[in-house]
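Could you walk me through this structure in the viewer, one selection at a time? I'm new to this, so please tell me what to click and what I should find there.

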Amino acid sequence: MFVRLIPFILITLLLAPSGASALQVKVTLPIPVSTLHTIEGFDNATLYGPSDFGLKVLTPVAEDTLMGLGISLFRARVEDGDSVSQKYKGVLEAIMFKLGVEYSGIELFQDFQLVLELTVDFPTGGPGRVEDANGEKVSNAQSVSGTGYYTSAAIRWGQLEGGFFYRSNHLNYGDMTIPARDPNQDISLHFTSYGIVFSYLFK
């Protein structure tokens, strides 16, 4: 995991302004309210989660505009539907690299700002596995690929933020299959979700 963070750290340092005080760090916790999903490889599957705790570094690129570079830890569980006789379940995880921009030039009231964000997600790796009904491992993911985007509108008061988000992601887990069904069908997940998001900004 730490090896994958090296490019992120280097890019952040190269793009950062000379004044270290201009850098900001934001911790974000999105809480999904509703999720729509399509899962290839499972039958009539139910998706639990996803959860996605994120950390990013923000640096100014223009007035009231910040560029964000960060990572998040994605995790979700999948289970075949109740009508399936031979049931399987999966654990899907990924380390997501995030590149985005924030705009905070709209002041709603005194000390309250509207923060708009648009971020693109790239999975850089992460474990995934399929288990049978007895908990025995069937297959492991050898790689994770895909992309996604995240957008939010929040109100900032001091260093706290709260608002709403929408996201869409597609993840493909290479060599993670259910051989009894189709040994050539990689498990893949496409989902869209919306909900509430809370953030804290370290300046």
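## Stop one: E40

Start by selecting E40: leaving out residues up to four places away in sequence, E40 touches Q185, D186, I187 and S188. Before you go on, keep in mind that what you have open is a predicted model. Colour strand β1 and you'll find E40 in it, since the strand covers residues 24–40. Now show side chains for E40 and Q185, and look for the polar contact of 3.3 Å that joins them.

Is E40 buried, partly exposed or exposed? It counts as partly exposed, because its relative accessibility is 41%, which falls between the 20% limit for buried and the 50% limit for exposed.

While you're here, add T177 to your selection. E40 and T177 are 137 residues apart in sequence, yet the C-alpha to C-alpha distance in space is 9.7 Å.

## Stop two: K56

Next, jump to strand β2, residues 46–62, and pick out K56. This lysine counts as buried because its relative accessibility is 9%, and the cut-off for buried is under 20%.

Which side chains make polar contacts with the side chain of K56? One is the side chain of E102, at 2.9 Å. Another is the side chain of E117, at 2.5 Å. Now widen the view around K56: setting aside neighbours within four places in sequence, its contacts are Q24, V25, K26, L69, G70, E102, E117 and T119.

## Stop three: following E117 into the strands

Keep E117 selected and bring up S152, its bridge partner in β8. Then colour whole strands. How many bridges join β5 to β8? There are 10, between β5 (residues 112–123) and β8 (residues 143–157), and the two strands run antiparallel.

Now add β9, residues 160–174: β8 and β9 also run antiparallel, with 15 bridges joining them. For one spot along that pairing, click S145 and look across to N172 in β9, which stands opposite. Then follow the chain to the hairpin of β8 and β9, where 2 residues sit between the strands. Select G158 there, and you'll have a residue with a positive phi near 70°.

## Stop four: rings

Time to show the aromatic side chains: the structure holds 5 aromatic pairs. One of them is Y149 with Y166, a tilted pair with 6.3 Å from centre to centre and 45° between the planes. Y149 is in strand β8 and Y166 is in strand β9, so this pair ties together parts that are 17 residues apart in sequence. Y149 is partly exposed, with a relative accessible area of 36%. Y166 is partly exposed too, at 33%.

For another pair, select Y200 and F202. These rings are edge-to-face, at 4.7 Å centre to centre with 70° between the planes. Y200 has a relative accessible area of 33% and is partly exposed, while F202 counts as partly exposed at 43%.

## Last stop: charges over rings

Finish with two spots where a charge meets a ring. Select R77 and Y48: the charged end of R77 sits over the ring of Y48, 4.7 Å from its centre. Then select K98 and Y150, where K98 lies over the face of Y150, at 5.7 Å from the ring centre.

Definitions and conventions:
Residues are numbered from 1 along each chain as its sequence is written. This is a predicted model: local features need pLDDT of at least 70, side-chain atom pairs count only at pLDDT 80 or more; totals for chains, interfaces and linings use all residues. Side-chain values use heavy atoms; hydrogens and water are left out. Helices (H or I, at least four residues) and strands (E, at least two) are DSSP runs, numbered from the N terminus. Buried means under 20% relative accessible area, exposed over 50%, partly exposed in between (1.4 Å probe, protein chains only). A polar contact is a pair of N or O atoms within 3.5 Å; within protein, one must be able to donate a hydrogen and the other to accept it, and residues adjacent in sequence count only if both atoms are side-chain atoms. Contact means heavy atoms within 4.5 Å. Two strands pair if DSSP finds at least two bridges between them. Rings of Phe, Tyr and Trp (its six-membered ring) pair if their centres lie within 6.5 Å; planes under 30 degrees apart count as stacked, over 60 as edge-to-face and the rest as tilted. A charge sits over a ring if NZ of Lys or CZ of Arg is within 6 Å of the ring centre and within 35 degrees of the ring normal.
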